[in-house]
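This report describes one pocket and one pair of packed helices. Please look at the structure below before reading on.

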Amino acid sequence: MTGTRRQGGGRRFETLLARPLLLPPSAFLTFSLRRLARVHPEAFARLGEYGHRLYLIAPTDLPLAFCLRPAPVDGEIRLVAAKDAPEAAVRVRGRILDLLQLFDGTLDADAAFFSRRIQVEGDTSAVVALHNALEAADLTLADLVGAPKPTRDFVNRGLAWTAHRWRSA
């Protein structure tokens, strides 16, 4: 009985320890999202009511999940431990590389869905709205990380090279 109690306590300790480590990347991603909303307001306007919904982006190959609320002004992206992920209007699961390629349009969303590279649960109309907004904005991964305009091509090539090496490893 003591061993069970210790094990449960250890998991709570891990969770408490991990939360502060997730704050800086969450703040950076939220800052980038809000910057995108200022630069591409038309994309966020396309979301309409769906911009205030919670989307859970859950990489199957990472112990983390991204809680995305793409509201035009006060949107946020919060990293959480996958096991602590909240309920969301939509849950999108897949390998991190597939999810990133969906974001920047280098992976066809319909093909990824029908080939089961990604799984979608919840409000499909919210997912369609998000997909349409991303497609209309024509964003890249360099946009997501807030790379300055002169460096975007370089950043995108570097990220593409890294993704290719990661996928073939």
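In this predicted model, the lining of the second largest pocket divides into six nonpolar, two polar and five charged residues. The volume of this pocket is about 190 Å³. Its lining is made up of 13 residues, and the closest to the pocket centre are Leu102, Gly105, Leu107, His131 and Glu135. Three elements give two or more residues each to the lining: α3, α4 (109–114) and α5 (124–137).

Helix α3 also packs against helix α7. Two packed helices are described by the angle between their axes and the distance between the axes. The table gives these values for the pair.

| Item | Value |
|---|---|
| Helix α3 | residues 96–104 |
| Helix α7 | residues 152–168 |
| Angle between α3 and α7 | about 150 degrees |
| Distance between the axes of α3 and α7 | 11 Å |

How are the two helices directed, roughly parallel or roughly antiparallel? An angle over 145 degrees counts as roughly antiparallel, and the angle here is about 150 degrees; α3 and α7 are therefore roughly antiparallel to each other. The crossing of α3 past α7 is left-handed.

On the α3 side, the residues that meet α7 are Ile96, Leu97, Asp98 and Gln101. Their partners in α7 are Ala163, Trp166 and Arg167. The residues of this contact divide into four nonpolar, one polar and two charged.

Definitions and conventions:
Residues numbered from 1 in each chain as written. Predicted model: local features only at pLDDT ≥ 70, side-chain atom pairs only at ≥ 80, totals over all residues. Heavy atoms only, no water. Axes fitted to C-alpha atoms, helices over the stretch in contact; angles between N-to-C directions. Helix = DSSP H or I, 4+ residues; strand = E, 2+ residues; numbered from the N terminus. Parallel < 35°, antiparallel > 145°, perpendicular 65-115°, else oblique. Left-handed = near helix turned anticlockwise from the far one by under 90°. Contact = heavy atoms within 4.5 Å. Nonpolar A, V, L, I, M, F, W, Y, C, P; charged D, E, K, R; others polar. 1 Å grid on protein atoms, 1.4 Å probe; cavity = no way out; pocket = protein on both sides within 12 Å on 5 of 7 lines; lining within 4 Å. Points joined across faces, edges and corners; volume = space filled by probe spheres on them.
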